[in-house]
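Please look over the model below. My notes follow as numbered points.

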Amino acid sequence: MDKKILHITPAGLYGFYDAAICWFIKDRYQLSEYIFNGASAGAWNSLFMVYKNNDTKLLNAIFDNLDKNNIRSIKSVQQYLKKIILLKTTMQDFELDKLFITVCVLENNKLNNYVYTDFESLESALDCCIASSNIPFLTGDMIFKYQNKISYDGGFLSKSYIITKEPDFIITNSLFGRKRFFTSLFDKKNKINSK
């Protein structure tokens, strides 16, 4: 763990805002000594952070076709993202060894955060992003399994980052003044505020 950790927070629909922040940072800063950890929408943005190509062709292909395909649910958006990424890229286009995705797993009637890495294929990494974004009935199915484990949104529990050490940098949509406090979906202290 000699690398620095850049964590990208869960964000819901603000994940698109976070994507712009990520692209800005990726375009302007040297990030070779970082690994990328994300949960929920942050998992998808972490995947884009390990994309080797810094041009916007992939993002343009994704957003240009989103509207044309009349996609209206988060589940459909995720399936569409998986389809386009597999169609337009290969595993070699990503530094998957730098990707760490947090997923909330139900085991023995208890929820625990798992951090997945060492993806054997691009499709496996994409399925992990979907698992990390699975909120039953809102963004996915009641039961979604990743690696044979019932998986839910990686932001359900607090501490959605790699817990071996604190992140060196956290990307959240409050970086540039917008205040939005989100601790955990099941935390009594959970508040969402905007300024």
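1. Where is the place of Phe137? Phe137 sits in the loop between H5 and strand E5 (145-146). Helices (H or I, at least four residues) and strands (E, at least two) are DSSP runs, numbered from the N terminus.

2. A word on the source. This is a predicted model: local features need pLDDT of at least 70, side-chain atom pairs count only at pLDDT 80 or more, and totals for chains, interfaces and linings use all residues. Residues are numbered from 1 along each chain as its sequence is written, and side-chain values use heavy atoms, with hydrogens and water left out.

3. Phe137 is exposed, at a relative accessible area of 68%. The cut-offs are under 20% for buried, over 50% for exposed and partly exposed in between (1.4 Å probe, protein chains only).

4. Pro136 lies in the loop between H5 and E5. Pro136 counts as buried, because its relative accessibility is 18%. Pro136 touches Asp141, Met142, Tyr152 and Phe156, leaving aside residues up to four places away in sequence. Contact means heavy atoms within 4.5 Å. From Pro136 to Asp153 the C-alpha to C-alpha distance is 8.9 Å, with their positions 17 residues apart in sequence.

5. Now the core. The largest nonpolar core (buried Ala, Val, Leu, Ile, Met, Phe, Trp, Tyr and Cys residues joined through side-chain atoms within 4.5 Å) has 43 residues. Leu47, Ile85 and Phe119 have the most contacts inside it. H5 gives the most to this core, with 7 residues.

6. Phe119 touches Met91, Leu96, Leu99, Ile101, Ser124, Ala125, Cys128 and Tyr146, again not counting residues up to four places away in sequence.
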